[in-house]
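This report is an introduction for a reader who is new to the structure. The sequence and the model are shown first, and selected features follow.

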2 protein chains.
Amino acid sequence: MRTFLDCIPCFYRQALEASRLAGLTETTQKQLILELSQNIEMFLSDTAPPEVARMVYDIINKHANTQDIYQKVKKQCNEFALTLYPELKKRIKEADNSLLLAAELAIAGNIIDYGAKNSLDIDDEVNNILNESSELFQIANKKIFDFVAFQNKTHQAKSILYLADNAGEVVFDKLLIETIKQVNNKVDIYYAVKAKPIINDALIEDAMQCGIDQFAAVLSSGSSLSGTILPYCTQEFLDLFYKADMVISKGQGNFEGLHDAARDIFFLFIAKCPIIANMVQGKIGNMLLFYKPTK
Amino acid sequence: MRTFLDCIPCFYRQALEASRLAGLTETTQKQLILELSQNIEMFLSDTAPPEVARMVYDIINKHANTQDIYQKVKKQCNEFALTLYPELKKRIKEADNSLLLAAELAIAGNIIDYGAKNSLDIDDEVNNILNESSELFQIANKKIFDFVAFQNKTHQAKSILYLADNAGEVVFDKLLIETIKQVNNKVDIYYAVKAKPIINDALIEDAMQCGIDQFAAVLSSGSSLSGTILPYCTQEFLDLFYKADMVISKGQGNFEGLHDAARDIFFLFIAKCPIIANMVQGKIGNMLLFYKPTK
C-alpha cells in the first residue's frame with residue numbers, strides 16, 4: 001500500500017517519541033521535525049509506509065549518531081517475554097484447543113510495538129491482554145479471525161514461512177511454532193527476521209535470544225524495512241516465500257507490504273491504525289487472524 | 001503558552017479532518033499538507049497554539065474558498081443543544097446544588113470541539129457525558145475542580161466576564177449563567193465571543209441563536225483566534241477583563257492563551273491533549289474547574 005495523508009501526523013508523532021527515547025535535546029528534536037517537513041513531498045510520492053518509516057528512522061539515527069536506538073529496549077522486551085514463557089506454555093498445554101490459544105497469544109504478543117505505541121508499560125499491556133477473556137478476539141467473525149482455515153492449513157503444510165515482527169513478540173511466536181510442530185510433526189518452519197535494525201523489529205540476535213532456533217530455521221529476509229516489501233528481499237527469501245505451503249505474517253508492517261502479494265497469506269496482528277483497520281473491515285484494537293487468499 | 005513540538009502532528013490531523021469536512025479533493029488535501037510543511041518553522045517560532053491554528057485554518061479556508069467551513073456545523077450544534085435545554089434546565093432546578101450541576105454541565109458542553117475531535121457524533125458524546133455519574137468530575141480533587149472557590153466568587157461578584165468557546169456549548173453556558181443569576185441577582189454578566197470564524201468557535205450570531213442575550217451582555221473579544229490572546233483583543237474587552245470581579249473562561253484554547261495572565265481566572269474545560277492535562281496535573285478527559293489565582 002502507498003502512504004496515506006493520514007500517515008503524516010503519525011510519522012511526526014513516531015519521530016518525536018523515538019527521538020526522546022534516543023535522548024535527543026529539544027533543539028535537535030526541532031531540527032528533526034524541520035528535516036521531516038522538508039521531505040514530506042518525497043514521503044507522499046508513491047512510497048509504502050515501511051519505506052517512509054525507514055527514511056524517518058534514518059534521519060533520527062543520524063541525529064542520535066547510532067544505528068539502533070531500540071537495542072536496549074529490544075533486549076529488555078525479549079527478557080520480559082521470556083519470563084512469561086513457562087506460564088504461557090502451561091496454559092497452552094492445558095487448553096481445550098492448544099493451537100487456538102497459541103494463535104491468540106501470538107497475536108496478543110503483537111502489542112509490543114514501538115512504532116505504533118512507544119510505551120514503557122509493555123508488561124502491563126501484555127498482562128492486560130492475557131487476563132482478558134477471548135472477547136478481544138473476534139472469533140465469531142470469520143472474516144477477520146479465520147481460525148478454521150488456519151487450523152486446516154497448519155495440519156497439512158509441509159513447509160511454513162513465518163514472518164517475524166517485533167522483539168519480545170518472538171517468544172509468543174515461539175509458542176505458536178512449538179504448538180504447530182506438536183499438531184504436525186513433519187512440517188519444516190522458517191522464521192524470517194529483518195536484516196538491519198528498524199524500530200523494535202526482531203533481528204537474528206533477538207530470534208536467538210528467545211531460542212526460536214530450537215524449533216525453526218532462522219533467516220534474514222534481507223529487508224531492513226519495518227514491513228516485508230518483496231523487492232527489498234533476498235532471492236533465498238523470495239524462493240521460500242513463493243514455495244512454502246503456508247505463510248504466516250505477523251504485524252501491521254508486514255500486512256502493509258504484503259496484503260496484495262501474489263500468494264495466500266495468514267496475517268496475525270493487532271489493528272493499530274484506522275486505515276489498516278478499515279482495509280480489513282475491522283476496528284482499531286481488533287486481534288486479527290486475517291486470511292488473504294491467492295488473487 | 002508557546003506551540004510545542006507535539007502540537008505539530010495534531011495540527012496536521014486537524015488540517016486533514018477540516019479539509020475533508022470542507023469537501024476538498026485528495027489532490028488539494030495533499031497541496032495543503034505540503035503548504036503546512038513549508039510553514040512548520042514559522043509555527044515553531046515562539047507562537048501560541050491558537051496563533052498557529054489561525055494560520056492553519058487560513059490555509060484551509062484559502063483552498064476551500066470560504067471564510068467559515070464550520071458555518072453549517074455550528075448552526076446544527078446550536079440547534080441540537082437547544083433541544084436539550086428544557087430537560088437540562090429541569091435537572092438543574094431539581095438538583096441538590098443547582099450551581100454545581102450547572103457548572104458540571106457547562107464543562108460537559110465543552111465536548112463540542114471540532115478542533116480536538118472532528119466527530120459527527122457530538123449528540124452521542126454529550127448524551128454519554130450527561131448519563132455518566134459525576135465520577136467524571138474530579139470533585140474530590142480540589143486542585144483541578146475547585147468548586148468551593150467558584151461558588152464563593154459567584155455569590156460575591158458584581159461583574160463577571162464569561163469567555164465563550166464553541167457553538168452549541170453556548171447553550172450550556174446559558175444554563176450556567178442563568179443559574180448564577182439566580183444565586184446572585186445583582187451580578188452583571190458579559191459574554192465574550194470571537195470576532196471572526198475560527199474552527200467551530202462561537203460568534204455573535206451563535207450567542208444570539210442560543211438566546212444568551214436574555215441573561216448576559218454579548219460582546220466580541222476582537223480576537224479571531226481559537227483562544228483568547230490579549231494583544232489581539234479590543235480595548236473594551238481588555239477593560240472588562242481586568243476590571244471584572246470574576247472571569248470564567250471556557251475551553252482549552254482560552255486556557256492556552258490566558259493561563260499566565262495577570263489576574264485570577266476560573267478555567268472550565270475538558271482536558272483534550274496530554275500537554276494541557278499535564279500543565280494542570282490532570283489527565284486527558286478530565287472535567288476541569290481549575291482556579292488560577294493572581295500571580
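## An aromatic pair in chain A

Are A:F255 and A:F267 buried or exposed? In this predicted model, A:F255 is buried, and A:F267 is buried as well.

Counted over all chains, there are 21 aromatic pairs. One of them joins A:F255 and A:F267 in an edge-to-face arrangement, with 5.0 Å from centre to centre and 85° between the planes. This pair links distant parts of the chain, twelve residues apart: A:F255 belongs to helix α11 (residues 252-258) of chain A, and A:F267 to strand β5 (residues 265-270) of chain A.

## Other rings in chain A

Four further rings, those of A:F147, A:F150, A:F266 and A:Y291, form one aromatic cluster.

Rings also take part in arrangements with charged side chains. A:R2 lies over the face of A:F4, 4.8 Å from the ring centre. In the case of A:K174, the charged end sits over the ring of A:Y85, at 4.4 Å from its centre.

## The segment before α1 of chain A

A:T3 is found in the segment that precedes α1 (7-21) of chain A. Its relative accessible area is 3%, and because buried means under 20%, A:T3 counts as buried.

Which residues are in contact with A:T3, once its neighbours within four places in sequence are left aside? They are A:F11, A:F43, A:L44, A:T47, A:A48, A:P49 and A:V52.

## Helix α4 of chain B

Helix α4 of chain B covers residues 71-94, a run of 24 residues. From its first C-alpha to its last it reaches 35 Å, which is close to the 34 Å expected at 1.5 Å a residue. The helix nevertheless has a kink of about 40° at B:Y85, shortly before the proline B:P86.

B:Y85 is also one of the buried residues of α4(B). The others are B:V73, B:K74, B:C77, B:N78, B:F80, B:A81, B:L84, B:L88 and B:I92.

## How the two chains are arranged

Chain B is superposed on chain A by a rotation of 180° with 0.0 Å of shift along its axis, and the RMSD is 0.0 Å. The two copies are therefore related as by a two-fold rotation axis. Within chain B, the C-alpha nearest the axis is that of B:P9, at 2.1 Å from it.

Why can the copies be said to meet through the same surface? Of the interface residues of chain B, 100% are also interface residues in chain A, so the same surface serves both copies.

Key. Residues numbered from 1 in each chain as written. Chains lettered and ligands numbered in written order. Predicted model: local features only at pLDDT ≥ 70, side-chain atom pairs only at ≥ 80, totals over all residues. Heavy atoms only, no water. Helix = DSSP H or I, 4+ residues; strand = E, 2+ residues; numbered from the N terminus. Expected span 1.5 Å × (residues − 1). Bend = angle between axes of the 7 residues up to and from the residue. Buried < 20%, exposed > 50% of the residue type's maximum accessible area, 1.4 Å probe, protein only. Phe/Tyr/Trp six-rings, centres within 6.5 Å; stacked < 30°, edge-to-face > 60°. Lys NZ or Arg CZ within 6 Å of the ring centre and 35° of its normal. Contact = heavy atoms within 4.5 Å. Least-squares fit on C-alpha atoms with pLDDT ≥ 70 in both.
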